[in-house]
Structures are given as structure tokens and as C-alpha cells.
Amino acid sequence: VGLNVLQYRPTAGEMGEHPDHLVSAFLLANSVMQGVTMEKFPTLQYLYYLAQIGICMTPLSNNGMERPYIEHPFKKFLKLGLKVSLGTNGPLHFHHTLQPLVEEYATAKNLFKLSHTD
């Protein structure tokens with residue numbers, strides 16, 4: 001009767017050169033975690049935009065692993081109209097406060113020059 005008990009939200013597009021996991025997630029997932037490598041695939045960006053598939057991004061943990069914070073595609077995706085949000089990934093490993101999500105938002109606001117409505 002339209003009741004979905006479980007939602008599929010895989011980690012996809014965190015690293016790698018091939019879009020296979022992002023394509024699979026597009027076909028199967030309600031939303032994805034990461035999606036950083038989607039920056040290389042404009043067609044996938046457009047498909048995710050049309051389907052309004054959410055992308056939860058974690059710039060602080062990506063900064064600690066493979067991508068400098070200032071080069072993170074979060075702001076670009078936001079401006080393109082993709083359904084993006086901020087989250088945490090490994091808060092004990094990458095964050096320095098007792099409120100990692102607030103830290104993620106505050107850092108993004110300052111570095112990406114986000115407004116209150118962003």
C-alpha cells in the first residue's frame with residue numbers, strides 16, 4: 001500500500017574513476033552517502049537532479065582522506081540544484097567537538113560562504 005519500511009542509502013562515489021557504483025545507486029537507491037566523484041560525470045548529475053535522489057556529503061571526512069575541503073563539490077552541487085545535505089562520517093575520527101554535525105555545518109558555512117537559506 002505504498003509503505004516502504006526500509007530505504008536503501010549506500011555509500012557511492014566516495015573514490016574511484018568508474019561511475020559503476022553511482023549508476024547502480026541511481027537505479028536502486030533512495031539516496032546516497034558521499035557522491036564526490038559524481039563531479040566528473042555531468043550526465044549522472046543531471047539524472048540525480050531529475051530523479052531528485054538525495055546526496056549526503058561529508059566534506060570534513062573527505063578533507064581528511066582524499067580531497068581538500070575547498071575543492072569539495074558540495075557548493076557546486078547545491079548551485080546546480082542537486083538535492084544535497086551535510087552529514088558526518090566517522091565523527092570520532094574527523095571532528096574536534098562534541099557536536100560533529102554542528103561543526104560540519106559551521107565549517108561549510110564559513111568556507112563555502114553559505115547564506116542562512118542555503
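Mentor: Before we start, a definition: rings of Phe, Tyr and Trp pair if their centres lie within 6.5 Å. Also keep in mind that this is a predicted model.

Trainee: Okay! So which residues do ring pairs link into a cluster?

Mentor: Tyr 69, Phe 74 and Phe 112.

Trainee: And how many aromatic pairs does the structure hold?

Mentor: Three. Take Phe 26 and Tyr 48: their ring centres are 5.8 Å apart and the planes sit at 40°, so that pair is tilted.

Trainee: Where are Phe 26 and Tyr 48 in the chain?

Mentor: Phe 26 is in helix α1 and Tyr 48 is in helix α2, 22 residues apart, so to speak of distant parts of the chain being linked is fair.

Trainee: Is Tyr 48 buried or exposed?

Mentor: Buried, at 0% relative accessible area. Phe 26 counts as partly exposed, with 22% relative accessibility, because buried means under 20%.

Trainee: Back to the cluster. What about the rings of Tyr 69 and Phe 112?

Mentor: Their centres are 5.2 Å apart with planes at 20°, so they're stacked. Tyr 69 is in the loop between α3 and α4, while Phe 112 is in the segment after α6, 43 residues away. Tyr 69 is buried at 5%, and Phe 112 is buried at 7%.

Trainee: New topic: where does Gln 34 lie?

Mentor: In strand β2, which covers residues 31–34. Gln 34 is buried, with just 1% relative accessible area.

Trainee: What is Gln 34 in contact with, leaving aside neighbours within four places in sequence?

Mentor: Among them are Thr 11, Gly 13, Cys 56, Ser 61 and Asn 89.

Terms used:
Residues are numbered from 1 along each chain as its sequence is written. This is a predicted model: local features need pLDDT of at least 70, side-chain atom pairs count only at pLDDT 80 or more; totals for chains, interfaces and linings use all residues. Side-chain values use heavy atoms; hydrogens and water are left out. Helices (H or I, at least four residues) and strands (E, at least two) are DSSP runs, numbered from the N terminus. Buried means under 20% relative accessible area, exposed over 50%, partly exposed in between (1.4 Å probe, protein chains only). Contact means heavy atoms within 4.5 Å. Rings of Phe, Tyr and Trp (its six-membered ring) pair if their centres lie within 6.5 Å; planes under 30 degrees apart count as stacked, over 60 as edge-to-face and the rest as tilted.
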